[in-house]
Amino acid sequence: PLYGLAPTSGFQPLYVFLMAPVFALFPGDPETPIRVALVMLSLFDTAALYLLFRLVARSSASPVTPFLVALSWALHPYAILTALNGLETSIAFFFLVAILLALAGLMDRSDPLSGVRAPLGIGILLGLAGLGRIASLLMAPVIAPVVLARSGGARASGLASCAVIA
């Protein structure tokens, strides 16, 4: 696929979907949509930081570690510039961290219903991540064996052993 005459690097329909109403509301204003986009991306980045904090807190023995990770993310110049680059990076990162948090929840659960609900939720998050940035779908083949093994759907097909290795 091409963007004009040059090849495109990917598709980000969720970002366009979220921003299209802003451009429709302010058709002659080139500045307001940029400001709205930066605020929206900052909100996604902040939500991703919260999920990252929760993910680290789940696997850390020390209560200080999640705070240090969050502080590092909030103060690191690269993370700040990435959040404010005007691209879909913060949206994609939010969904990727949400998937990892949901996967961690699936791995910790002994609830028999987690076999249905958690994989469905992970699938929905993965679909939204793909709409956020198509490259996010590269996570699917990595986590699929784990999700299938944990939810009970892979025992017959032998993917459970692959999930243990992963």
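Glu88 is buried in this predicted model, with a relative accessible area of 9%, and its side chain meets that of Arg133 in a salt bridge, 2.7 Å from N to O. The pair links distant parts of the chain, since Glu88 lies in the loop between α4 and α5 while Arg133 lies in the loop between α6 (114-132) and α7 (140-151), 45 residues apart. Arg133, for its part, is partly exposed, with a relative accessible area of 28%.

The count of salt bridges comes to two, and the other one joins Glu31 to Arg35, whose closest N and O atoms are 2.4 Å apart. Here Glu31 is partly exposed at 44% relative accessible area, and Arg35 counts as exposed because its relative accessibility is 52%, where exposed means over 50%. The table sets out both pairs.

| Salt bridge | N to O distance | Relative accessible area, Glu | Relative accessible area, Arg |
|---|---|---|---|
| Glu31 and Arg35 | 2.4 Å | Glu31, 44% | Arg35, 52% |
| Glu88 and Arg133 | 2.7 Å | Glu88, 9% | Arg133, 28% |

**The chain as a whole**

The chain holds eight helices and two strands, and, read from the N terminus, the two strands come before the helices in the order β-β-α-α-α-α-α-α-α-α. Of its 166 residues, 33% are buried, and the accessible surface comes to about 10100 Å², with 74% of that area belonging to carbon and sulfur atoms. Among contacts with a separation of 6 or more, 59% are between residues 24 or more positions apart.

**Helix α2 and Leu41**

Helix α2, which takes in residues 32-59, has 28 residues and reaches 41 Å from its first C-alpha to its last, close to the 40 Å expected at 1.5 Å a residue. Its buried residues include Pro33, Ala37, Met40, Phe44, Asp45 and Leu52, and what covers the buried residues of α2 includes α1 (13-25), α3 (64-75), α4 (77-83) and α5 (89-108).

Leu41 also has its place in this helix, and it counts as buried because its relative accessibility is 0%, where buried means under 20%. Once its neighbours within four places in sequence are left aside, Leu41 is in contact with Tyr15, Ala83, Gly86, Leu87, Ser90 and Ile91. One of these partners, Gly86, is 45 residues from Leu41 in sequence, yet the two C-alpha atoms are 7.4 Å apart in space.

**The nonpolar core**

In soluble globular proteins, nonpolar side chains tend to be buried together. In this model the largest nonpolar core has 31 residues, and those that touch the most other members are Tyr15, Ile91, Phe95, Ile99, Leu103 and Ile122. Helices α1, α2, α5, α6 and α7 each supply at least two residues of this core. Tyr15 and Ile91 have already appeared as contact partners of Leu41, and Leu103 offers a further view of this part of the structure: leaving aside its neighbours within four places in sequence, Leu103 is in contact with Ile122, Ile143, Val146 and Val147.

**Confidence in the model**

The average pLDDT over the chain is 85, and 86% of the residues score at least 70. Where does the pLDDT stay under 50? That stretch is residues 154-166, for which the model has 14 contacts beyond four places in sequence.

Conventions:
Residues numbered from 1 in each chain as written. Predicted model: local features only at pLDDT ≥ 70, side-chain atom pairs only at ≥ 80, totals over all residues. Heavy atoms only, no water. Helix = DSSP H or I, 4+ residues; strand = E, 2+ residues; numbered from the N terminus. Expected span 1.5 Å × (residues − 1). Buried < 20%, exposed > 50% of the residue type's maximum accessible area, 1.4 Å probe, protein only. Contact = heavy atoms within 4.5 Å. pLDDT = per-residue confidence, 0-100. Areas by Shrake-Rupley, 256 points an atom, 1.4 Å probe, with all protein chains shown as cover. Salt bridge = Lys/Arg side-chain N within 4 Å of Asp/Glu carboxyl O. Core = buried A, V, L, I, M, F, W, Y, C linked by side-chain atoms within 4.5 Å.
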